[in-house]
Amino acid sequence: MSAAWLAIDGLGLTEGATRIIDDVSLSLAAQRTVVLGPNGAGKSTLLRLIHGLLHPSGGRLHWPQPLTQGMVFQRPVMLRTTALANVIYGLKLKGHSADESRRRARAALARAGLDHIARRPARLLSGGEQQRVALARAWALEPELLILDEPTASLDPASTREVERIIGEIAAGGARILMTTHNLGQARRMADEIVFIDRGRVLEQTPVARFFNLPQSEAAQRFLQEETP
Amino acid sequence: MTALSDSFLTAWQLVVAADARLAAIVLLSLRVSLAATLIACIVGMPIGALLAVGRFPGRRALIVLFNGLMGLPPVVVGLLVYLLLSRAGPLGQFGLLFSPAAMIIAQAILVTPIVAALTRQVVADEWSEYREQLRSLGASRTRAAATLLWDGRFSLSTAALAGFGRAIAEVGAVMIVGGNIDGVTRVMTTTIALETSKGDLPLALALGSILIAVVLAINAVAYAMRGWAERHWG
């Protein structure tokens, strides 16, 4: 077991009287972690808290070493410019020079198999292509932790395979992957470890094979029965 | 009825003949209102964008203020600018009163709140879509505001257009600070008001037609540009 790259202690997020994330404590050490759970369980919220997009009501995140992060959202957000310029934009924000940004952006698009659409308006690309551009944008920043919130929801199987290939390559480069999905097959393929949450609480954290073969909690058993076609 | 149709006929002849006096009035109107709109965009658009994405004390009050100032009465703006620019006023030393520059200042003051308020609305809509992505990439709020201004440039043309429409059509402010001096500060709206009061309907009608045509043409160009942009950039 490798050392934890993130320790979460008593994390909570409350909106009004609703506890969206309820006293979550986790130690994340696996390279590829998939967060599973039913709709409204708090998966996306947990990812946003970890990425710093939301501020917790309580608890804390402890990073043994600060990690550079990238996040890819369910619905890719593209600026009204070319695919290449979208990738360059992220690099410039990180302080890279114009030349360096262009070089890195081109390399990232090439790795994502998107050379041919670099000059095309990003918002006119297909959903799958836009998501791959979003991945290339994150990849270009060379994140040590890549967070993905249901990156293949509403994509066709071919696009899903391509997105999974790119995520696999990013992981092969050493980045930690933390993602949510509703696709159980994808979770099996992509995860080393599963974190199962329900109603804002972590019910299981277990290696992927064990989760699918022998889920411990009743909620996870029910979830697998309902989600398995 | 004959007098009215004669007036229309004479007005048409003035337009077709590109009457020099008419052309000078039209060109001055366009110069003043386009300059005022440009200034209003340079000042109002960043203000609108920062109001949309910023978080600072008094932000809500400023939003209410700018929305309220959209309905500024032109004569009141004219009066305030008159007081500022008059010989005894704080800016009297520049001798701008009764010049096109004074008219540009008055119209810019009138139009800036319109541009700012409409920009805030456009950028706020964009911000709700882009916020998480831009924050994830590390954009500061100021940088995000600049990004959204550029990204929403085609939608923002509507804000500029609304400002220009307000500027070119107003009469009260330019009348007060320009003085409606023939050949110097006489623009379409002030001429229409003056010539109508004198009973010279042909020139008033000719200018009225051109005014409407200018506004329609600019709207058509902006509409076409937005359509092209949507097809081109999504």
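Biologist: How many residues of chain B are in contact with residues of chain A?

Modeller: Keep in mind that this is a predicted model. In it, 14 residues of chain B are in contact with 13 residues of chain A. Contact here means that the C-beta atoms, placed from the backbone, lie within 7 Å.

Biologist: Which elements give two or more residues to that side of chain B?

Modeller: Helix 5 (100-137), helix 6 (141-151) and helix 10 (201-233) of chain B do. Helix 5 of chain B has the largest share, with seven residues. By type, the residues on that side are four nonpolar, five polar and five charged.

Biologist: Over to chain A, then. How do you know that the span of helix 3 (residues 98-111) agrees with its 14 residues?

Modeller: Take 1.5 Å times one less than the number of residues. That gives an expected 20 Å for helix 3 of chain A, and its end C-alpha atoms are 20 Å apart, so the two agree.

Biologist: Which residues in helix 3 of chain A are buried?

Modeller: A:S101, A:R104, A:A105, A:A108 and A:L109. To be called buried, a residue needs 20 or more other C-beta atoms within 10 Å of its own.

Biologist: What puts them on the same side of helix 3 of chain A?

Modeller: Those buried residues cover an arc of only 135° around the axis, so they sit on the same side of the helix. In general, an α-helix has 3.6 residues a turn, so residues three or four places apart point the same way.

Biologist: What covers the buried residues of helix 3 of chain A?

Modeller: The cover includes helix 2 (83-93) and helix 4 (127-140) of chain A. On the other side of helix 3, A:D99 and A:A110 are exposed.

Key. Residues are numbered from 1 along each chain as its sequence is written. Chains are lettered from A and ligands numbered from 1 in the order in which they are written. This is a predicted model: local features need pLDDT of at least 70, side-chain atom pairs count only at pLDDT 80 or more; totals for chains, interfaces and linings use all residues. Two residues are in contact if their C-beta atoms, placed from the backbone, lie within 7 Å. Helices (H or I, at least four residues) and strands (E, at least two) are DSSP runs, numbered from the N terminus. Ala, Val, Leu, Ile, Met, Phe, Trp, Tyr, Cys and Pro count as nonpolar, Asp, Glu, Lys and Arg as charged, and the others, Gly among them, as polar. A residue is buried if 20 or more other C-beta atoms lie within 10 Å of its own, exposed if 12 or fewer, and partly exposed in between; C-beta atoms are placed from the backbone. The arc is that of the directions from the helix axis to the C-beta atoms.
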